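Please walk through this model step by step, with the sequence and the coordinates open side by side. The text goes from loops and strands to a pair of helices.

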Amino acid sequence: MADRKVIVIGAGAAGMMAAYSSALCGNKVTVFERNEKAGKKLFITGKGRCNITNDSDVETILNNIITNRKFMYSAIYSFSNEDVKAFFEENGLHLKVERGNRIFPVSDKSSDVINTLKKALRNENVEIEYNTFVKDLIVEDNTVKGVVLEEGRKVYADKVIMATGGMSYPVTGSDGKGFDILRKYGHTITDLSPALVPMNVKEEFAKELQGLSLKNVTIAFFRKEGDKKPVYEEFGEMLFTHFGISGPIVLSGSSVVGKYLKEGNLIAKIDLKPALSKEQLDDRILREFTNGINKDIVNVMDNLLPKKLIPVMLDYCEIEPHKKVNSISKEERNRMVEAFKGLKLTVTSLRGFNEAIITQGGVKVKEVDPGTMESKIISNLYLAGEMLDVDALTGGYNLQIAWSTGRLAGMEY
């Protein structure tokens, strides 16, 4: 089977891993990349630091996959996070583990991740043709025979691996054109929507809080006011923006709550003091009140809230900021406790693909062999990465999907 001609479309995470994997099998591999350089989206992941994978056990990794987890069993077990770590370490990239078991390069530079991949490809004589756009496949008798480039040139191959990405960050080249090609040849593309993306909220006070980061809070999303059970809940860090909310726990939540937003607005409740019960919180507020009994309430809140949040919280609780602490009623204090434990926001929509870290949706996984990533519709065509209808929460899990599916797609069977 060795020494076959293999074409990989796309030099992103999945594409480069697929090319490397295929070259290891002795194939002559050419990668066609529409951009002027490889790994354009990798470059901006993890705020430019590149969260390569996660250091948790395999079960935890699978549990963080939101869509079509079972489809990923073969891929993850065949090329696990341990294998990913070994690949990068063996190719000279030193790694470190941070909060949430996230794995980053020691240098904190995504460019080092890309350069490591490019070096591994060079060592296996993989050719990358940049500024080369693949506009179509050559398909005969339901078998792929090669590709058609934008200028009309036809390039023939024994195997084609498509890793053109989803729809997120279209400036990096993932604009959905790959899906258009696959639809033409009979593949089903499930609904595409932005995921791991910030959220728009109705409340004006979010704008006033722009730039404020909250650590160690819990956010819970409810389909409607009065619901007892949230559709998603997470503890961690979040951020207020000029349009609404962002940050790790909001981005992860977007992957779960996006489908509910199609039915209407959601209610988000932020617990600012998740470590305290309402009774404990009330005691804590009373202590602050006792210490500043003759002060204005706005001046005794510093130990309870970030400065930027104090006027917003008082307005939310309908308490005049210059009201003396000694005249705050029990009812007003109860309102404060309720607000601390459930600051309410109305989520109206998710932001768009140009701000989304990943795409939810893609090629229907029933049309792809989970053990090889070969299309069940077109022989010798393999699919990897974000093209597949598979996605996960933040923490390096989506890149793990890219490495694992790319590795399988490149192998010979």
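Helices, of at least four residues, and strands, of at least two, are DSSP runs numbered from the N terminus. With that numbering, Thr241 falls in the loop between strand S15 (232-240) and strand S16 (244-246). The model is a predicted one. Thr241 has a relative accessible area of 10%. The cut-off for buried is under 20%, so Thr241 is buried. Which residues does Thr241 touch, leaving out those up to four places away in sequence? They are Ala206, Lys207, Gln210 and Ser246. Lys366 is another matter. It sits 125 residues from Thr241 along the chain, and the two C-alpha atoms are separated by 39 Å.

Now take a second threonine, this one inside a strand. Thr218 belongs to strand S14 (residues 213-222). Its relative accessibility is 13%, so Thr218 also counts as buried. Beyond residues up to four places away in sequence, Thr218 touches Glu233, Glu234 and Phe235. Its contacts also include Lys269, Ile270, Asp271 and Pro274.

Next come the strand pairings. Strands of a sheet pair through backbone hydrogen bonds, in a parallel or an antiparallel sense. Start with the open sheet of three strands. Its order is S3-S6-S5, and the pairing is antiparallel. Strand S3 (53-54) and strand S5 (95-98) stand at the edges. Each has a single partner strand, so one side of each is left without a neighbour in the sheet. S3 is joined to strand S6 (residues 102-105) by two bridges, and these strands run antiparallel. Within this pair, Thr53 stands opposite Ile103 in S6.

Move on to strand S9 (residues 143-149). Is S9 mostly covered or mostly open? It is mostly covered, with six of its seven residues buried. S9 pairs with strand S8 (residues 134-140), and six bridges join the two antiparallel strands. Two places along this pairing are worth finding. Asp136 stands opposite Val148 in S9. Leu137 has Val147 in S9 as its bridge partner. S8 and S9 form a hairpin with two residues between the strands. Asp141 takes a positive phi there, near 50°.

S9 also pairs with strand S10 (residues 154-156). This pairing is antiparallel too, and it runs over three bridges. Val147 appears again here, standing opposite Val155 in S10. Thus Val147 in S9 is the bridge partner of Leu137 and faces Val155 in S10. S9 and S10 make a hairpin with four residues between them. In that turn, Gly152 has a positive phi of about 100°.

Positive phi values turn up in two further loops. Leu196 is not a glycine, yet its phi is positive, at about 50°. Where is Leu196 found? It lies in the loop between strand S12 (193-195) and strand S13 (199-201). Leu196 has 2% relative accessibility, so it counts as buried. Asn380 is also a residue other than glycine, and its phi is positive, near 65°. Its place is the loop between strand S19 (358-360) and strand S20 (381-383). Asn380 has a relative accessible area of 23%, so it is partly exposed.

Finish with the helices. How do helix H10 (residues 278-291) and helix H12 (residues 330-341) pack? Their angle is about 125°, and their axes are 10 Å apart. Angles from 65 to 115 degrees count as roughly perpendicular, and those over 145 as roughly antiparallel. H10 and H12 are therefore oblique to each other. Their crossing is right-handed. On the H10 side, the contact is made by Lys278, Leu281, Asp282, Ile285, Leu286 and Phe289. On the H12 side, these meet Arg333, Met336, Val337, Glu338, Phe340 and Lys341. By class, the contact of H10 with H12 has seven nonpolar residues, five charged ones and no polar ones.

Technical notes: Residues are numbered from 1 along each chain as its sequence is written. This is a predicted model: local features need pLDDT of at least 70, side-chain atom pairs count only at pLDDT 80 or more; totals for chains, interfaces and linings use all residues. Side-chain values use heavy atoms; hydrogens and water are left out. Axes are lines fitted to C-alpha atoms, for helices over the stretch in contact, and angles run from 0 to 180 degrees between N-to-C directions. Angles under 35 degrees count as roughly parallel, over 145 as roughly antiparallel, 65 to 115 as roughly perpendicular and the rest as oblique. A crossing is left-handed if the near helix is turned anticlockwise from the far one by less than a right angle, and right-handed if clockwise. Contact means heavy atoms within 4.5 Å. Ala, Val, Leu, Ile, Met, Phe, Trp, Tyr, Cys and Pro count as nonpolar, Asp, Glu, Lys and Arg as charged, and the others, Gly among them, as polar. Two strands pair if DSSP finds at least two bridges between them. Buried means under 20% relative accessible area, exposed over 50%, partly exposed in between (1.4 Å probe, protein chains only).
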